[in-house]
Amino acid sequence: MTPQAPGKPLAAIYVRVSTEDQVKHGISLQAQEEALKNYASALGYEILEIYKDEGKSAKDIKGRKAMTRMLADAEAKKFQAIFIYKLDRFSRSLRDLIEIIEKLKDWGIDFVSLQDKIETTSASGKLMFHIISAFAEFERNVTGERTKFSMDKKARDGFLVSRAPLGYKIIDKKLIPKEDSYIVQEIFQEFLSTKTSLTQLAKKHEVSVNGLKKILKNQTYLGKIKFDGQIHQGSHHPLISSTLFNHVQNKLEELGVK
């Protein structure tokens, strides 16, 4: 580590080169290091530490010890900026790169890529940061929409999109009644036909009161699938009749259970 000069912000330098890069392009760690030292100095930074990953692949950040340690130091705010030679020295995965840059933004750490002319120490650099963040949000939204579409399609086809409720198990992605599925019928009948309170009934079957409410309102037991406010016909066997279910819903409503 280099001692901090009075009044100067601290910076970290990250350099990485694979054996393949050295053979094909002759890009050495020393060449990256010298260029970044000069650039950081020109921008008024004092170098805290140079983090080096030599011969490491860009595919897996977790496998790079220097990178992992540098990000931990960034979160601890040991320096104010990170200087790299080129974006692909940091990561060849766009998703990983965006996630890291977003974290640095949250931590208040500037990010400078010498060859790509990307930095957040100026107004134009900050704009680039916002653009990258916007792409990250867009990608998350697209992923969320795809996931929702996939789950909706699964529900419409009659398959459960959550974990199996009491009385069922999942085999080959299908809901199958368990050997003790009769317990569900007993719970519905006991709630409807006796004066047993929800608290007592929940304690008897070793579930929480809220868990019991969910059981009594769960339309999965009718052979249906509910997703995103829509009810679909399931491909599984129902455990109770619609008559029993409706009577239980009426009693819940009379008791003011929500």
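Tyr45 is buried, with a relative accessible area of 10%; buried means under 20% relative accessible area, exposed over 50%, and partly exposed in between, using a 1.4 Å probe and protein chains only. Tyr45 sits in the loop between H2 and S2. Helices (H or I, at least four residues) and strands (E, at least two) are DSSP runs, numbered from the N terminus. The C-alpha atoms of Tyr45 and Phe79 are 9.9 Å apart, although 34 residues separate the two along the chain.

Before I continue, a word on the source. This is a predicted model, in which local features need pLDDT of at least 70 and side-chain atom pairs count only at pLDDT 80 or more, while totals for chains, interfaces and linings use all residues. Residues are numbered from 1 along each chain as its sequence is written, and side-chain values use heavy atoms, with hydrogens and water left out.

Let me turn to the chain as a whole. Its secondary structure comprises ten helices and nine strands. Of its 258 residues, 39% count as buried. The accessible surface is about 15300 Å², and 52% of that belongs to carbon and sulfur atoms; these areas come from the Shrake-Rupley method with a 1.4 Å probe, and for residues only the protein chains shown count as cover. Among contacts with a separation of 6 or more, 63% are between residues 24 or more positions apart, where contact means heavy atoms within 4.5 Å.

Next, the sheet. Strands of a sheet pair through backbone hydrogen bonds, either parallel or antiparallel. Here, five strands form an open sheet in the order S2-S1-S3-S4-S5, with mixed pairing; two strands pair if DSSP finds at least two bridges between them. Its edge strands are S2 (46–54) and S5 (118–119), each of which pairs on one side only. Helix H2 (residues 29–42) packs on this sheet and touches S1 (10–17), S2, S3 (81–84) and S4, and the direction of H2 makes about 160° with that of S1. Such angles run from 0 to 180 degrees between N-to-C directions, and axes are lines fitted to C-alpha atoms, for helices over the stretch in contact. At the S5 edge, S4 (residues 110–113) runs antiparallel to S5 and is joined to S5 by two bridges. Ser113 stands opposite Ile118 in S5. A further helix, H3 (residues 65–75), lies across S1, S2 and S3, running at about 150° to S2.

Which residues does Trp107 touch, not counting those up to four places away in sequence? They are Leu71, Ala74, Glu75 and Lys77. Trp107 belongs to helix H5 (residues 94–107) and counts as buried, at 19% relative accessibility. The C-alpha atoms of Trp107 and Ala76 are separated by 8.5 Å, with their positions 31 residues apart along the chain.

Lys77, one of the residues touched by Trp107, lies in the loop between H3 and S3. Most residues other than glycine have a negative phi, and most peptide bonds are trans. Lys77, not a glycine, has a positive phi of about 60°, and this residue is partly exposed, with a relative accessible area of 48%. Glu206 also has a positive phi, near 55°. Glu206 is placed in the loop between H8 (198–204) and H9 and is exposed, at 76% relative accessible area.

That loop leads to a helix pair. Two packed helices are described by the angle between their axes and the distance between the axes. H7 (residues 182–193) and H9 (residues 209–217) pack at about 100°, with axes 10 Å apart. H7 is therefore roughly perpendicular to H9; by convention, angles under 35 degrees count as roughly parallel, over 145 as roughly antiparallel, 65 to 115 as roughly perpendicular and the rest as oblique. On the H7 side, Ile187, Phe188 and Phe191 meet Leu212, Ile215 and Leu216 of H9.

Finally, the hairpin. S8 (residues 224–227) and S9 (residues 230–233) pair in the antiparallel sense over four bridges. Two residues lie between these strands, and Asp228 in the turn has a positive phi of about 55°. Phe227 stands opposite Gln230, and Lys226 has Ile231 as its bridge partner. How are the side chains arranged along S8? They alternate: Ile225 and Phe227 point to one face and are buried, whereas Lys224 and Lys226 point to the other and are not.
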